[in-house]
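Reader: I've got this one open on my screen and I'd like a close look at a single part. Pick one, walk me through it, and tell me how it sits in the whole.

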Amino acid sequence: MTDAQNTNGSAPVVSVIMAFHNAGRYLEDAMASVLAQSLQTLELILVDDASTDGSLALANQAAARDTRVRVLISDTRGGVARARNRALDAARGDWIAIVDADDLLHPRRLERLTARATSLSVDMVADDLICFGSENGISLLHRLALVRPWLPESADLLRAETSSPSVPVGYLKPLIRRQALGSLRYRPYLSVGEDFDLLLRLRLSGARLAVLPDAYYLYRRHAASLSHRLPEAAARNMIRALDELEDSLECLPNATRELLTRRRIALTRAAQFARLVTTLKDKAYAGASALLLCNPHLIRPLTRSIWEHVTRRFAFHRRSDPPACLMLMPDDVDHASSGAFSRIAVPSVLSDWTAARATAVAALAGAGNARIRAVDRAGLEALGYIPGWSEAELVAPPDRWSDQEKRMVAALPWPVREVPAADGPH
(Lines give C-alpha, C1' and ligand atoms only; values in the text may rest on other atoms or scores of the structure.)
Protein backbone atom coordinates (compact mmCIF):
# COMPACT_ATOMS: atom_id res chain seq x y z
CA MET A 1 0.00 0.00 0.00
CA THR A 2 1.12 3.49 -0.79
CA ASP A 3 -0.10 6.82 0.47
CA ALA A 4 -0.25 10.00 -1.59
CA GLN A 5 -1.52 13.01 0.29
CA ASN A 6 -1.67 16.77 0.18
CA THR A 7 -2.24 18.58 3.44
CA ASN A 8 -2.47 22.18 4.48
CA GLY A 9 -1.21 23.57 7.75
CA SER A 10 -4.45 24.04 9.69
CA ALA A 11 -6.56 21.21 11.08
CA PRO A 12 -9.89 20.83 9.24
CA VAL A 13 -13.26 21.12 10.92
CA VAL A 14 -14.66 18.16 8.95
CA SER A 15 -12.93 15.14 7.46
CA VAL A 16 -14.98 13.82 4.55
CA ILE A 17 -14.28 10.16 3.79
CA MET A 18 -15.02 8.80 0.33
CA ALA A 19 -14.06 5.21 -0.44
CA PHE A 20 -14.35 4.06 -4.04
CA HIS A 21 -13.85 1.10 -6.34
CA ASN A 22 -14.24 1.65 -10.11
CA ALA A 23 -16.38 4.75 -9.52
CA GLY A 24 -15.13 6.73 -12.50
CA ARG A 25 -18.60 7.39 -13.88
CA TYR A 26 -19.73 9.42 -10.88
CA LEU A 27 -16.61 10.20 -8.86
CA GLU A 28 -15.86 13.63 -10.34
CA ASP A 29 -19.33 14.96 -9.50
CA ALA A 30 -19.20 13.49 -5.99
CA MET A 31 -15.80 15.08 -5.29
CA ALA A 32 -16.93 18.41 -6.73
CA SER A 33 -20.01 18.49 -4.50
CA VAL A 34 -17.77 18.06 -1.44
CA LEU A 35 -15.22 20.66 -2.49
CA ALA A 36 -18.07 23.10 -3.29
CA GLN A 37 -19.14 23.18 0.37
CA SER A 38 -19.64 26.60 1.92
CA LEU A 39 -17.70 25.23 4.90
CA GLN A 40 -14.24 25.43 3.38
CA THR A 41 -12.24 24.16 6.35
CA LEU A 42 -12.50 20.51 5.40
CA GLU A 43 -10.36 17.69 4.11
CA LEU A 44 -11.51 15.13 1.58
CA ILE A 45 -9.90 11.73 2.13
CA LEU A 46 -10.27 9.58 -0.98
CA VAL A 47 -9.61 5.88 -0.49
CA ASP A 48 -9.04 3.82 -3.63
CA ASP A 49 -10.05 0.21 -3.04
CA ALA A 50 -7.94 -1.31 -5.84
CA SER A 51 -9.82 0.28 -8.76
CA THR A 52 -9.05 -0.97 -12.24
CA ASP A 53 -10.71 1.86 -14.17
CA GLY A 54 -9.64 5.52 -14.26
CA SER A 55 -10.96 6.36 -10.77
CA LEU A 56 -7.55 6.67 -9.13
CA ALA A 57 -6.33 9.04 -11.84
CA LEU A 58 -9.36 11.27 -11.24
CA ALA A 59 -8.66 11.26 -7.50
CA ASN A 60 -5.00 12.18 -8.02
CA GLN A 61 -5.99 14.99 -10.37
CA ALA A 62 -8.32 16.38 -7.70
CA ALA A 63 -5.49 16.22 -5.14
CA ALA A 64 -3.19 18.09 -7.52
CA ARG A 65 -5.77 20.88 -7.89
CA ASP A 66 -6.83 21.23 -4.24
CA THR A 67 -4.58 20.83 -1.19
CA ARG A 68 -7.60 19.77 0.90
CA VAL A 69 -7.71 16.45 -0.95
CA ARG A 70 -5.76 13.42 0.29
CA VAL A 71 -5.54 10.11 -1.57
CA LEU A 72 -4.97 6.74 0.09
CA ILE A 73 -4.18 3.85 -2.24
CA SER A 74 -4.59 0.08 -1.85
CA ASP A 75 -3.24 -2.47 -4.32
CA THR A 76 -5.54 -5.23 -3.06
CA ARG A 77 -9.28 -4.98 -2.65
CA GLY A 78 -10.41 -5.10 0.97
CA GLY A 79 -13.98 -3.81 0.80
CA VAL A 80 -15.63 -0.55 1.80
CA ALA A 81 -15.38 -1.14 5.57
CA ARG A 82 -11.61 -1.65 5.52
CA ALA A 83 -11.15 1.31 3.18
CA ARG A 84 -13.16 3.61 5.44
CA ASN A 85 -11.31 2.38 8.54
CA ARG A 86 -8.03 3.37 6.94
CA ALA A 87 -9.38 6.85 6.30
CA LEU A 88 -10.76 7.11 9.84
CA ASP A 89 -7.28 6.40 11.19
CA ALA A 90 -5.90 9.21 9.02
CA ALA A 91 -8.69 11.76 9.65
CA ARG A 92 -7.75 15.01 11.41
CA GLY A 93 -11.09 16.82 11.57
CA ASP A 94 -13.26 17.44 14.60
CA TRP A 95 -16.12 15.83 12.68
CA ILE A 96 -16.30 12.84 10.33
CA ALA A 97 -18.59 12.73 7.30
CA ILE A 98 -19.03 9.64 5.11
CA VAL A 99 -19.99 10.28 1.48
CA ASP A 100 -20.45 7.54 -1.10
CA ALA A 101 -18.60 8.01 -4.38
CA ASP A 102 -21.78 8.17 -6.46
CA ASP A 103 -23.77 10.53 -4.23
CA LEU A 104 -23.96 14.33 -3.98
CA LEU A 105 -24.20 16.97 -1.27
CA HIS A 106 -26.06 20.25 -1.08
CA PRO A 107 -23.39 23.00 -1.06
CA ARG A 108 -24.32 24.07 2.48
CA ARG A 109 -24.79 20.63 4.02
CA LEU A 110 -21.67 20.50 6.19
CA GLU A 111 -22.04 24.10 7.34
CA ARG A 112 -25.62 23.49 8.43
CA LEU A 113 -25.03 20.11 10.04
CA THR A 114 -22.10 21.30 12.14
CA ALA A 115 -24.17 24.28 13.30
CA ARG A 116 -27.13 22.08 14.25
CA ALA A 117 -24.90 19.57 16.04
CA THR A 118 -23.56 22.41 18.18
CA SER A 119 -26.98 23.93 18.89
CA LEU A 120 -28.47 20.54 19.79
CA SER A 121 -25.40 19.43 21.82
CA VAL A 122 -25.19 16.03 20.12
CA ASP A 123 -22.34 13.80 19.00
CA MET A 124 -23.97 12.79 15.71
CA VAL A 125 -26.31 14.67 13.42
CA ALA A 126 -27.98 13.24 10.34
CA ASP A 127 -30.27 14.65 7.68
CA ASP A 128 -32.80 12.95 5.44
CA LEU A 129 -31.66 11.63 2.04
CA ILE A 130 -33.17 12.74 -1.28
CA CYS A 131 -33.45 9.73 -3.59
CA PHE A 132 -32.68 10.26 -7.27
CA GLY A 133 -31.87 8.14 -10.29
CA SER A 134 -34.02 5.03 -10.53
CA GLU A 135 -36.25 6.15 -7.68
CA ASN A 136 -37.38 9.78 -7.65
CA GLY A 137 -39.91 11.72 -5.64
CA ILE A 138 -39.28 10.29 -2.17
CA SER A 139 -36.86 10.79 0.67
CA LEU A 140 -35.37 8.02 2.77
CA LEU A 141 -37.30 8.97 5.93
CA HIS A 142 -40.57 10.04 4.33
CA ARG A 143 -42.55 7.54 6.43
CA LEU A 144 -41.44 9.28 9.64
CA ALA A 145 -42.84 12.66 8.47
CA LEU A 146 -40.40 14.53 10.72
CA VAL A 147 -41.17 18.17 11.51
CA ARG A 148 -38.56 18.62 14.25
CA PRO A 149 -35.27 16.93 15.20
CA TRP A 150 -35.65 13.30 16.23
CA LEU A 151 -33.43 12.10 19.10
CA PRO A 152 -33.66 8.31 18.81
CA GLU A 153 -32.51 5.81 21.40
CA SER A 154 -30.84 2.61 20.20
CA ALA A 155 -34.17 0.78 20.51
CA ASP A 156 -35.80 3.39 18.25
CA LEU A 157 -33.19 2.72 15.55
CA LEU A 158 -33.77 -1.03 15.78
CA ARG A 159 -37.54 -0.55 15.77
CA ALA A 160 -37.36 1.56 12.61
CA GLU A 161 -35.22 -1.05 10.83
CA THR A 162 -37.41 -3.99 11.88
CA SER A 163 -40.83 -2.40 11.40
CA SER A 164 -43.09 -3.31 8.46
CA PRO A 165 -42.67 -1.40 6.27
CA SER A 166 -39.23 -0.58 7.56
CA VAL A 167 -37.59 2.84 7.76
CA PRO A 168 -34.00 2.18 6.58
CA VAL A 169 -32.18 4.43 9.04
CA GLY A 170 -29.05 2.41 8.35
CA TYR A 171 -28.64 4.37 5.12
CA LEU A 172 -28.26 7.66 6.99
CA LYS A 173 -24.94 9.45 6.59
CA PRO A 174 -24.49 11.20 9.95
CA LEU A 175 -21.84 13.73 10.80
CA ILE A 176 -19.95 12.13 13.70
CA ARG A 177 -17.84 13.86 16.32
CA ARG A 178 -14.41 12.24 16.05
CA GLN A 179 -13.96 12.32 19.81
CA ALA A 180 -17.21 10.34 20.24
CA LEU A 181 -16.08 7.83 17.62
CA GLY A 182 -12.85 7.18 19.50
CA SER A 183 -11.45 3.77 18.57
CA LEU A 184 -14.72 2.41 17.18
CA ARG A 185 -14.38 1.29 13.57
CA TYR A 186 -16.38 -0.53 10.92
CA ARG A 187 -16.42 -4.31 11.21
CA PRO A 188 -14.13 -5.24 8.28
CA TYR A 189 -16.06 -8.38 7.36
CA LEU A 190 -19.30 -6.45 6.71
CA SER A 191 -20.02 -5.55 3.08
CA VAL A 192 -23.70 -4.72 3.72
CA GLY A 193 -25.18 -3.07 6.80
CA GLU A 194 -21.85 -1.67 7.97
CA ASP A 195 -23.27 1.83 8.44
CA PHE A 196 -26.15 0.70 10.65
CA ASP A 197 -23.88 -1.52 12.72
CA LEU A 198 -21.53 1.39 13.46
CA LEU A 199 -24.43 3.80 14.11
CA LEU A 200 -26.04 1.35 16.55
CA ARG A 201 -22.78 0.70 18.40
CA LEU A 202 -22.14 4.43 18.69
CA ARG A 203 -25.62 5.01 20.09
CA LEU A 204 -25.26 2.13 22.54
CA SER A 205 -21.93 3.61 23.68
CA GLY A 206 -23.75 6.78 24.72
CA ALA A 207 -23.18 9.01 21.70
CA ARG A 208 -26.24 11.22 21.21
CA LEU A 209 -27.85 11.34 17.76
CA ALA A 210 -30.14 13.95 16.23
CA VAL A 211 -31.95 13.28 12.94
CA LEU A 212 -33.10 16.47 11.24
CA PRO A 213 -36.25 16.87 9.12
CA ASP A 214 -34.11 18.60 6.47
CA ALA A 215 -32.57 16.81 3.48
CA TYR A 216 -29.15 17.88 2.18
CA TYR A 217 -27.77 14.51 1.00
CA LEU A 218 -28.62 13.34 -2.53
CA TYR A 219 -28.66 9.54 -2.63
CA ARG A 220 -28.29 7.90 -6.03
CA ARG A 221 -30.57 4.91 -6.56
CA HIS A 222 -29.33 2.63 -9.33
CA ALA A 223 -31.63 0.38 -11.32
CA ALA A 224 -29.78 -2.61 -9.90
CA SER A 225 -30.28 -1.41 -6.33
CA LEU A 226 -34.08 -1.69 -6.67
CA SER A 227 -33.83 -5.38 -7.47
CA HIS A 228 -30.93 -6.10 -5.14
CA ARG A 229 -31.29 -9.14 -2.91
CA LEU A 230 -29.14 -9.49 0.16
CA PRO A 231 -26.52 -12.18 -0.57
CA GLU A 232 -26.59 -15.10 1.84
CA ALA A 233 -22.99 -14.55 2.98
CA ALA A 234 -23.68 -10.87 3.67
CA ALA A 235 -26.76 -11.73 5.72
CA ARG A 236 -24.79 -14.31 7.71
CA ASN A 237 -22.11 -11.71 8.42
CA MET A 238 -24.76 -9.26 9.64
CA ILE A 239 -26.04 -11.96 12.02
CA ARG A 240 -22.46 -12.46 13.20
CA ALA A 241 -22.23 -8.73 13.93
CA LEU A 242 -25.41 -8.89 16.02
CA ASP A 243 -24.01 -11.82 17.99
CA GLU A 244 -20.76 -9.96 18.64
CA LEU A 245 -22.69 -6.87 19.69
CA GLU A 246 -24.77 -8.76 22.23
CA ASP A 247 -21.70 -10.56 23.58
CA SER A 248 -19.96 -7.22 24.13
CA LEU A 249 -22.78 -5.74 26.22
CA GLU A 250 -23.09 -6.78 29.84
CA CYS A 251 -26.42 -5.09 30.47
CA LEU A 252 -28.99 -4.69 27.72
CA PRO A 253 -32.62 -3.60 28.22
CA ASN A 254 -35.14 -6.35 27.48
CA ALA A 255 -36.86 -4.24 24.82
CA THR A 256 -33.58 -3.74 22.97
CA ARG A 257 -32.69 -7.43 23.25
CA GLU A 258 -36.10 -8.38 21.83
CA LEU A 259 -35.57 -6.02 18.88
CA LEU A 260 -32.15 -7.53 18.24
CA THR A 261 -33.80 -10.97 18.18
CA ARG A 262 -36.40 -9.69 15.71
CA ARG A 263 -33.65 -8.34 13.46
CA ARG A 264 -31.79 -11.65 13.68
CA ILE A 265 -34.93 -13.50 12.55
CA ALA A 266 -35.37 -11.11 9.61
CA LEU A 267 -31.75 -11.56 8.55
CA THR A 268 -32.03 -15.34 8.86
CA ARG A 269 -35.03 -15.28 6.55
CA ALA A 270 -33.14 -13.01 4.14
CA ALA A 271 -30.32 -15.55 4.06
CA GLN A 272 -32.81 -18.34 3.39
CA PHE A 273 -34.39 -16.36 0.56
CA ALA A 274 -30.98 -15.66 -0.97
CA ARG A 275 -30.31 -19.41 -0.94
CA LEU A 276 -33.69 -20.02 -2.60
CA VAL A 277 -32.94 -17.52 -5.38
CA THR A 278 -29.53 -19.09 -5.98
CA THR A 279 -31.10 -22.55 -6.11
CA LEU A 280 -33.69 -21.41 -8.66
CA LYS A 281 -31.04 -19.72 -10.80
CA ASP A 282 -29.11 -23.00 -10.80
CA LYS A 283 -32.33 -24.74 -11.95
CA ALA A 284 -32.16 -27.03 -8.95
CA TYR A 285 -35.96 -27.12 -8.69
CA ALA A 286 -36.12 -30.09 -6.33
CA GLY A 287 -33.91 -28.25 -3.85
CA ALA A 288 -35.98 -25.06 -4.25
CA SER A 289 -39.19 -27.00 -3.57
CA ALA A 290 -37.66 -28.48 -0.44
CA LEU A 291 -36.66 -25.03 0.79
CA LEU A 292 -40.20 -23.72 0.22
CA LEU A 293 -41.75 -26.69 2.01
CA CYS A 294 -39.48 -26.17 5.03
CA ASN A 295 -39.81 -22.36 4.93
CA PRO A 296 -43.30 -21.40 3.66
CA HIS A 297 -42.68 -17.79 4.70
CA LEU A 298 -40.45 -17.53 1.59
CA ILE A 299 -43.45 -17.78 -0.74
CA ARG A 300 -44.48 -14.16 -0.19
CA PRO A 301 -41.07 -12.56 -0.94
CA LEU A 302 -40.67 -14.90 -3.94
CA THR A 303 -44.02 -13.77 -5.36
CA ARG A 304 -43.11 -10.14 -4.75
CA SER A 305 -39.74 -10.61 -6.43
CA ILE A 306 -41.34 -12.13 -9.54
CA TRP A 307 -43.84 -9.25 -9.74
CA GLU A 308 -41.08 -6.64 -9.38
CA HIS A 309 -39.08 -8.34 -12.14
CA VAL A 310 -42.07 -8.22 -14.51
CA THR A 311 -42.88 -4.56 -13.77
CA ARG A 312 -39.23 -3.54 -14.23
CA ARG A 313 -39.15 -5.16 -17.66
CA PHE A 314 -42.22 -3.18 -18.74
CA ALA A 315 -40.78 0.04 -17.25
CA PHE A 316 -37.53 -0.49 -19.14
CA HIS A 317 -39.35 -0.29 -22.47
CA ARG A 318 -41.24 2.91 -21.67
CA ARG A 319 -40.11 6.02 -23.48
CA SER A 320 -38.31 8.49 -21.27
CA ASP A 321 -39.72 11.98 -20.88
CA PRO A 322 -38.08 14.80 -22.85
CA PRO A 323 -35.74 17.09 -20.93
CA ALA A 324 -37.60 19.46 -18.64
CA CYS A 325 -37.31 23.24 -18.90
CA LEU A 326 -37.69 24.62 -15.40
CA MET A 327 -37.68 28.15 -14.04
CA LEU A 328 -37.02 28.10 -10.31
CA MET A 329 -38.62 31.24 -8.94
CA PRO A 330 -38.87 32.57 -5.37
CA ASP A 331 -42.39 31.94 -4.11
CA ASP A 332 -42.73 35.59 -3.06
CA VAL A 333 -42.38 36.82 -6.69
CA ASP A 334 -45.84 37.27 -8.18
CA HIS A 335 -45.21 37.96 -11.84
CA ALA A 336 -42.47 36.79 -14.13
CA SER A 337 -42.24 35.86 -17.78
CA SER A 338 -41.13 32.24 -18.06
CA GLY A 339 -41.42 31.72 -21.82
CA ALA A 340 -40.71 28.07 -22.65
CA PHE A 341 -39.82 27.30 -19.04
CA SER A 342 -42.26 25.75 -16.58
CA ARG A 343 -42.41 28.07 -13.59
CA ILE A 344 -41.69 26.29 -10.29
CA ALA A 345 -42.15 28.28 -7.08
CA VAL A 346 -39.42 27.47 -4.57
CA PRO A 347 -39.23 28.66 -0.95
CA SER A 348 -37.67 32.06 -0.45
CA VAL A 349 -37.45 31.41 3.30
CA LEU A 350 -34.88 28.79 4.34
CA SER A 351 -37.07 27.22 7.03
CA ASP A 352 -39.70 26.37 4.39
CA TRP A 353 -37.27 24.02 2.63
CA THR A 354 -38.68 20.78 4.04
CA ALA A 355 -37.45 17.39 2.86
CA ALA A 356 -40.68 17.02 0.90
CA ARG A 357 -40.15 20.32 -0.94
CA ALA A 358 -36.51 19.50 -1.68
CA THR A 359 -37.41 16.03 -2.93
CA ALA A 360 -40.13 17.43 -5.19
CA VAL A 361 -37.69 19.84 -6.83
CA ALA A 362 -35.15 17.05 -7.38
CA ALA A 363 -37.83 14.84 -8.94
CA LEU A 364 -38.96 17.57 -11.36
CA ALA A 365 -35.41 17.86 -12.70
CA GLY A 366 -35.55 14.20 -13.77
CA ALA A 367 -32.42 12.32 -14.77
CA GLY A 368 -30.08 15.30 -14.82
CA ASN A 369 -30.81 16.46 -18.38
CA ALA A 370 -33.06 19.41 -17.54
CA ARG A 371 -32.60 22.99 -18.73
CA ILE A 372 -32.88 25.28 -15.73
CA ARG A 373 -33.22 28.97 -15.08
CA ALA A 374 -32.72 29.70 -11.39
CA VAL A 375 -33.65 33.10 -10.00
CA ASP A 376 -32.20 34.90 -7.00
CA ARG A 377 -30.99 33.24 -3.79
CA ALA A 378 -34.01 30.94 -3.68
CA GLY A 379 -32.96 29.64 -7.09
CA LEU A 380 -29.37 29.10 -5.93
CA GLU A 381 -30.63 27.17 -2.89
CA ALA A 382 -32.84 25.07 -5.19
CA LEU A 383 -29.90 24.15 -7.45
CA GLY A 384 -28.30 22.45 -4.46
CA TYR A 385 -31.12 19.88 -4.41
CA ILE A 386 -30.91 19.04 -8.12
CA PRO A 387 -28.68 16.11 -9.16
CA GLY A 388 -27.45 17.60 -12.42
CA TRP A 389 -28.62 19.52 -15.46
CA SER A 390 -27.78 19.92 -19.13
CA GLU A 391 -27.56 23.70 -18.90
CA ALA A 392 -28.46 26.30 -16.32
CA GLU A 393 -28.81 30.06 -16.07
CA LEU A 394 -28.55 31.72 -12.67
CA VAL A 395 -30.11 35.15 -12.29
CA ALA A 396 -28.34 37.25 -9.66
CA PRO A 397 -30.27 39.00 -6.86
CA PRO A 398 -30.64 42.81 -7.09
CA ASP A 399 -28.00 43.28 -4.35
CA ARG A 400 -25.58 40.87 -6.10
CA TRP A 401 -23.96 37.75 -4.70
CA SER A 402 -21.87 37.69 -1.55
CA ASP A 403 -18.28 36.40 -1.77
CA GLN A 404 -19.36 33.08 -0.23
CA GLU A 405 -22.21 32.76 -2.73
CA LYS A 406 -19.80 33.50 -5.59
CA ARG A 407 -17.57 30.64 -4.42
CA MET A 408 -20.57 28.33 -4.27
CA VAL A 409 -21.69 29.28 -7.77
CA ALA A 410 -18.18 28.79 -9.15
CA ALA A 411 -17.87 25.38 -7.48
CA LEU A 412 -21.20 23.88 -8.64
CA PRO A 413 -20.50 20.50 -10.27
CA TRP A 414 -22.19 21.42 -13.58
CA PRO A 415 -21.80 24.53 -15.78
CA VAL A 416 -23.83 27.59 -14.87
CA ARG A 417 -24.16 30.79 -16.90
CA GLU A 418 -24.61 33.77 -14.62
CA VAL A 419 -27.11 36.42 -15.67
CA PRO A 420 -27.16 39.93 -14.12
CA ALA A 421 -30.30 40.87 -12.26
CA ALA A 422 -31.19 43.54 -14.83
CA ASP A 423 -31.32 40.89 -17.57
CA GLY A 424 -33.44 38.52 -15.54
CA PRO A 425 -37.18 38.27 -14.97
CA HIS A 426 -37.39 40.67 -11.98
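Author: Quick bit of vocabulary before we start: accessible areas come from the Shrake-Rupley method with a 1.4 Å probe. By that reckoning the chain exposes about 20200 Å², with carbon and sulfur atoms supplying 52% of it. Keep in mind that this is a predicted model.

Now the wider setting. The chain has 15 helices and 14 strands, and its C-alpha atoms fill a box of roughly 75 × 55 × 45 Å along the principal axes. A compact globule with 426 residues would have a radius of gyration near 22 Å, and the chain's 23 Å agrees with that. Of those 426 residues, 49% count as buried. Among contacts with a separation of 6 or more, 74% come from residues 24 or more positions apart.

The part I'd pick is strand β2, residues 14–20. Here 7 of 7 residues are buried. Val14, Val16, Met18 and Phe20 point one way from β2, while Ser15, Ile17 and Ala19 point the other way, and all of them are buried.

So who are the neighbors? One is strand β3 (residues 42–49), which runs parallel to β2 and is joined to it by 7 bridges. Within that pairing, alanine 19 stands opposite valine 47 of β3. To get from β2 to β3, the chain passes through helix α1 (residues 27–35), making a right-handed β-α-β crossover.

Strand β5 (residues 95–98) is another partner, also parallel to β2, with 4 bridges joining the two. Look there for serine 15, which stands opposite isoleucine 96 of β5.

Note on methods:
Residues are numbered from 1 along each chain as its sequence is written. This is a predicted model: local features need pLDDT of at least 70, side-chain atom pairs count only at pLDDT 80 or more; totals for chains, interfaces and linings use all residues. Side-chain values use heavy atoms; hydrogens and water are left out. Buried means under 20% relative accessible area, exposed over 50%, partly exposed in between (1.4 Å probe, protein chains only). Two strands pair if DSSP finds at least two bridges between them. A crossover is right-handed if, with the strands pointing away from the viewer, the path from the first strand over the helix to the second runs clockwise. The radius of gyration is taken over C-alpha atoms; the globule rule is 2.2 Å times the number of residues to the power 0.38. Contact means heavy atoms within 4.5 Å.
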